[in-house]
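Work through the two exercises below with the sequence and the model side by side.

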Amino acid sequence: MTDTKMVSVPSLRGKVTDAEWKARVDLAACYRLFDIYGLSDLTANHISARVPGENAYLINPYGMLYEEITASCLIKVDVNGEILYSPDFGDLKYGLNRAGFVIHGAVHGARDDVGCVAHTHTVAGMAVSALSEGVLPLNQTAMRYVSTGYHDFEGIVLDEVERISLLRDMGQGSALVLRNHGLLVATGTVAEAFNAMHRFEQVCRAQLAALACGRELTQVSAEIVEETRRNYLPGTRRPFGVMEWPAMLRKLNRIDPSYAT
């Protein structure tokens, strides 16, 4: 009979600082939510969260589905790629994905303002990443992303040399299109990252749907697009994700509260 049990590891509750445990719970919740909202890709891709007060971050074990991630299974790694803590996965021998370390370690190491980094390979995100025009300001939400950065494809992200161009292309922004690859967001908190990627994905889906109609598109003036973009900037409104995050956690607790173990 096929084993259907979840991957089980010892709980870290009470064995790490309260700040790290909260970061673990929030990050595990984000993985589960990405899966629920169609943002996962089997065992590929990564979401990482900085450990408060430390030069380290948490990331998923390579080989686990997003729907399986728990607070205690997350691997703790420093920005140089040294694993500071990993559960004993037994015969599964799950470890750190190389591409995850190259991308996430680069951003966390260079950007003190970033608390969470998320990367996806959704159909919509990959499709838009292949369009020369990139993200178009076709709707209100898309105007939030008109200053998105673009990073040209250099092959599978395995070489640390690519960190230089990746960081250059991201600059101090919070969203990046990895051309011919996918999407990436870098935000202050896990709650903000979920909001940013969920909206980014919606923008890509809406753009593809509009383009697929083959009809003339309604254009918005550059002045209105810029005014709308400014209204989405930090300082002009409360941080994205703050209001809905407790509701998202309630949703998860109704579905399956095991993420917080």
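The exercises cover the nonpolar core and then one strand with its partners.

This is a predicted model, in which local features need pLDDT of at least 70, side-chain atom pairs count only at pLDDT 80 or more, and totals for chains, interfaces and linings use all residues. Residues are numbered from 1 along each chain as its sequence is written, and side-chain values use heavy atoms, with hydrogens and water left out.

**Exercise 1.** Describe the largest nonpolar core (buried Ala, Val, Leu, Ile, Met, Phe, Trp, Tyr and Cys residues joined through side-chain atoms within 4.5 Å).

Solution.
1. Buried means under 20% relative accessible area with a 1.4 Å probe, protein chains only.
2. The core holds 72 residues, and those with the most contacts inside it include Tyr31, Phe34 and Trp245.
3. Helix H1 (residues 18–36) gives the most to this core, ten residues; helices are DSSP runs of H or I, at least four residues, and strands are runs of E, at least two.
4. Beyond its neighbours within four places in sequence, Tyr31 is in contact (heavy atoms within 4.5 Å) with His46, Ile47, Ile59, Asn60, Tyr66, Ile69 and Leu74.

**Exercise 2.** Place strand S8 by its burial and its pairing.

Solution.
1. In S8 (residues 182–187), six of six residues are buried.
2. Gly182, Leu184 and Ala186 point one way, and Leu183, Val185 and Thr187 the other.
3. Strands pair if DSSP finds at least two bridges between them. S5 (residues 116–120) runs antiparallel to S8 over five bridges, with His119 opposite Leu184.
4. S7 (residues 175–178) is also antiparallel to S8, over four bridges, and Ala175 stands opposite Val185.
5. Three residues separate S7 and S8 in a hairpin, where Asn180 in the turn has a positive phi of about 55 degrees.

Notes: Buried means under 20% relative accessible area, exposed over 50%, partly exposed in between (1.4 Å probe, protein chains only).
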